[in-house]
Every structure is written in structure tokens, then in C-alpha cells.
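Let's take a walk through this structure together. Keep the 3D view open and turn it as you read.

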Amino acid sequence: MIQRKQSVFLFLALVAVVGCLMLPIGAFEPTGMGVSTVMTNFGAVGKGVFTWALALCFVLLLTCPITLWAIFAFKNRKKQAKLCGINIFLLLVWYVLAGIYCYAIGIENTTFHPAFAACLPLVAIILQFMARKAIIADEKLVRSADRIR
């Protein structure tokens with residue numbers, strides 16, 4: 001199960017998503033004097049105000065069990081490939097939601113500086129894509145071996 005390369009890719013994608021969930025994804029720095037606002041997957045914190053952004057957290061929390069399900073669905077390669085496709089879609093939705101929240105939360109006269117954690121969903125997308133490609137290659141290999149028999 002875990003010795004297959006797609007399982008390793010999926011596990012690394014899971015680690016990247018959990019890392020993004022735990023780390024701040026950016027900060028709003030004021031152009032003049034003021035206090036910066038930190039953006040996380042749960043919301044934005046700054047100036048004594050907390051703004052919820054739970055959709056970001058929900059999307060990442062949804063991808064975690066789907067990735068685990070894909071890791072343990074190694075006997076059903078078609079389902080595993082579909083789960084990888086669903087995860088890729090959800091992580092793209094996360095980027096759209098993050099852009100919407102950054103635009104909506106962005107205060108006038110501030111600039112947004114993304115943190116390292118903002119690139120972790122992109123790393124997870126790449127790893128999910130690589131896992132999906134390896135799963136499809138395995139399925140083709142199995143089908144070609146069945147034809148020879």
C-alpha cells in the first residue's frame with residue numbers, strides 16, 4: 001500500500017495540506033503606520049478584530065479525509081484516480097476562496113504579503129496530479145497484462 005509511489009505522493013500532499021491548515025497564509029501590512037493583520041485559514045486577526053474565513057478551513061479539512069481515503073483505496077484504482085481529481089478541484093477552489101477573502105478582508109491602504117503556507121496547496125495539487133498520473137499508468141499496465149493472458 002504505502003510502498004507504491006502514488007501512495008507516497010498522496011501522503012506528502014496530505015502533509016502539505018495539514019501544514020497549510022496550521023500556518024498563517026499571509027499578512028496585510030499597512031502602507032503607513034498601523035498594525036498588521038494576519039490571515040489564516042480560520043480568519044484574519046488584527047487590530048483587536050477577528051474576521052472569520054471558515055470556508056478556507058472547511059475546504060482544507062475536506063481534502064484531508066479524501067486524501068486518506070485515496071491512500072487506502074489502493075485496490076480500486078479507478079476510485080483512487082477520481083478521488084485525486086476531486087482533491088485537485090477542491091484545492092483550486094481553496095485558491096479562489098483565498099483570493100475572494102483577501103480581497104474582501106483587505107483594508108484600504110494595505111498590501112497583502114503571502115506567507116510560505118500559501119504555496120502549500122499548490123504543492124499538494126502538483127503531488128495529487130503526479131499521484132493521479134501514476135495511478136492511471138498502473139491501471140494501463142494491469143489492463144495490458146490482462147490482455148496478454
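The paragraphs below go from a pair of helices to the strands, and then to two single residues.

Please keep in mind as you look that this is a predicted model. A good place to begin is with helix H2, residues 54-72, and helix H3, residues 77-105. How do these two helices lie relative to each other? Their axes come within 9 Å and cross at roughly 165°. Because angles over 145 degrees count as roughly antiparallel, H2 is roughly antiparallel to H3. The crossing of H2 and H3 is left-handed.

Now zoom in on where the two helices touch. On the H2 side, the contact includes Leu-54, Val-59, Leu-62, Ile-66 and Trp-69. On the H3 side, the residues that meet H2 include Leu-83, Ile-86, Leu-90, Trp-94 and Tyr-101. What classes of residue make up this contact? By class, there are 19 nonpolar, four polar and one charged residues in the contact of H2 with H3. Lys-79 of H3 is among the residues that take part, and so is Thr-67 of H2.

Next, turn to the strands. Strand E1, residues 26-30, pairs with strand E2, residues 37-39, in the antiparallel sense, and three bridges join them. One of the bridges sets Gly-26 against Met-39 in E2. E1 and E2 form a hairpin, with six residues between the two strands. In the turn you can find Gly-34, whose phi is positive at about 155°.

E1 also has strand E5, residues 110-114, as a partner: these strands run antiparallel and are joined by five bridges. Look for Phe-28, which stands opposite Phe-112 in E5.

Two residues on the helices round off the tour. Val-96 has its place in helix H3. Is Val-96 buried or exposed? With a relative accessible area of 53%, Val-96 is exposed, because the cut-off for exposed is over 50%. Val-96 and Met-39 are 57 residues apart along the chain, and their C-alpha atoms are separated by 15 Å.

Gln-128, in contrast, is buried, with a relative accessible area of 1%. This glutamine lies in helix H4, residues 120-148. Which residues does Gln-128 touch? Leaving aside residues up to four places away in sequence, Gln-128 touches Leu-10, Ala-13, Thr-67, Cys-84, Asn-87 and Ile-88. Two of these names may look familiar: Thr-67 in H2 and Asn-87 in H3 also appear in the contact between those helices.

Technical notes
Residues numbered from 1 in each chain as written. Predicted model: local features only at pLDDT ≥ 70, side-chain atom pairs only at ≥ 80, totals over all residues. Heavy atoms only, no water. Axes fitted to C-alpha atoms, helices over the stretch in contact; angles between N-to-C directions. Helix = DSSP H or I, 4+ residues; strand = E, 2+ residues; numbered from the N terminus. Parallel < 35°, antiparallel > 145°, perpendicular 65-115°, else oblique. Left-handed = near helix turned anticlockwise from the far one by under 90°. Contact = heavy atoms within 4.5 Å. Nonpolar A, V, L, I, M, F, W, Y, C, P; charged D, E, K, R; others polar. Pairing = 2+ DSSP bridges. Buried < 20%, exposed > 50% of the residue type's maximum accessible area, 1.4 Å probe, protein only.
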